[in-house]
Amino acid sequence: MRDLNDRVAVVTGGGSGIGRAIALALAPRNVRVVVVDRDASRAAAVEQEIVAAGGDGVGRSGDVTVEDDLVAARDLCLERWGRVDIVVNNAGVLAVGRPEDIPLTEWQRVIDVNLLSVVRSIHVFLPTLLAQGDGHVVNTASTNGLYPYSFDRLPYSATKAAIIAVSEALTLYARPRGVGVTCLCPGPVNTNIAEQVRFSGELTTIRPPRLGLVTAAAVGDLVVDAIESGRFLVLTHPEVHDILVRHAADPDRFLADELATFDHAD
Ligand code: NAD
């Protein structure tokens, strides 16, 4: 999508962290942004930030587990601006615990928010983008879906790996029809994600990937560059590329090396 000027974007989970940063990076490029967040006050605060900086944006309360909320965001774009060009499926949650301690209800919740939200978005937004023959979808996955470094968040790992697979396959369908796809795979980013982590059983901490912490603002800029250039994979930590090469070259050896980094008391 070479020219972002006058485009219209929807960003889910746009009230905080990475989604907020993507919204705030799009707005100065003259993109009208609808910020959808379960937390209405955060969505409203980002709307205010966009407008105060001279941009055009709307903050809306919306839950990605409710298809009607995505329909409402799409219809708002179509009624107000006559189009929707960029859809950022970013809202996500974390459930943490030993594999045997995370209950099925937590699996279902994480799958509903992280993965089925992308499915709902495909149903709600993709027909509009295809009809325009022009658009871009961004799906937020994680390094946690790219390679194994933890056992403490299996539902999260499963949904993020699935988002990568869905995004790759969707590219094969959508790109020839004028719709680009970007899959964002962040390493550790300084956001509010820890606030909404739900722990099951006795685990009370999570094992981070052995990567440095980056700012959400830097990730927002990377995503805008990827939309403009049509890039598929966005890594927030360039060293992840070499980790992926090592993983692909010998998955058994990779797992053995990772296991060696665990303390047996973990
Ligand atoms: P965050 O908690 O700062 O922001 C997430 C936002 O999503 C919050 O404002 C929250 O209210 C909203 N949200 C949660 N559930 C929702 C729902 N059902 N409907 C609508 N909005 C909902 O977290 P973040 O770190 O910015 O996370 C954004 C995405 O980035 C997530 O998908 C997360 O898995 C992914 N990610 C984050 C990191 C990291 O280190 N922060 C790393 C890899 C991937």
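Contact here means heavy atoms within 4.5 Å. The exercises below use a predicted model, in which local features need pLDDT of at least 70 and side-chain atom pairs count only at pLDDT 80 or more, while totals for chains, interfaces and linings use all residues. Residues are numbered from 1 along each chain as its sequence is written, and side-chain values use heavy atoms, with hydrogens and water left out.

**Exercise 1. Describe the surroundings of Asp85.**

Step 1: place the residue. Asp85 sits in the loop between helix 3 (67–81) and strand 4, where helices (H or I, at least four residues) and strands (E, at least two) are DSSP runs numbered from the N terminus.

Step 2: judge its exposure. Asp85 has a relative accessible area of 0% and is therefore buried, a word that stands for under 20% relative accessible area, with over 50% called exposed and values in between partly exposed (1.4 Å probe, protein chains only).

Step 3: list its neighbours. Leaving aside residues up to four places away in sequence, Asp85 touches Met1, Arg7, Val8, Leu129, Gln132, Gly135 and His136.

Step 4: look for a polar partner. The side chains of Asp85 and Arg83 are joined by a polar contact of 2.6 Å; such a contact is a pair of N or O atoms within 3.5 Å, of which, within protein, one must be able to donate a hydrogen and the other to accept it, and residues adjacent in sequence count only if both atoms are side-chain atoms.

**Exercise 2. Find the enclosed and open spaces, and say what lines them.**

Step 1: fix the terms. On a 1 Å grid over the protein atoms alone, a cavity is a set of points where a 1.4 Å probe fits but cannot get out, whereas a pocket is an open set with protein on both sides within 12 Å along at least five of seven lines; lining residues have an atom within 4 Å of a point. Grid points are joined across faces, edges and corners, and a volume is the space filled by probe spheres set on the points.

Step 2: take the cavities. The whole structure holds two cavities of 30 Å³ or more, and the largest cavity has a volume of about 50 Å³. Its lining has four nonpolar, five polar and no charged residues, with Ala, Val, Leu, Ile, Met, Phe, Trp, Tyr, Cys and Pro counted as nonpolar, Asp, Glu, Lys and Arg as charged, and the others, Gly among them, as polar. The second largest cavity contains about 30 Å³ of space, and helix 4 gives the most to its lining, with four residues.

Step 3: take the largest pocket. This pocket has a volume of about 950 Å³ and is lined by 44 residues, with Gly92, Thr191, Asn192, Ile193 and Gln196 nearest its centre. Helix 1 supplies the largest share of the lining, three residues.

**Exercise 3. Describe the nonpolar cores.**

Step 1: start with the largest. A nonpolar core is a set of buried Ala, Val, Leu, Ile, Met, Phe, Trp, Tyr and Cys residues joined through side-chain atoms within 4.5 Å. The largest has 44 residues, and Val10, Val34, Phe125, Leu146 and Tyr147 have the most contacts inside it. Helix 4 gives the most to this core, with eight residues.

Step 2: follow one member. Beyond residues up to four places away in sequence, Val34 touches Ala9, Val10, Val11, Val58, Ala73, Leu76, Cys77 and Trp81.

Step 3: add the other core. A second, separate core of 29 residues includes Leu4, Ala9, Ile22 and Val234.
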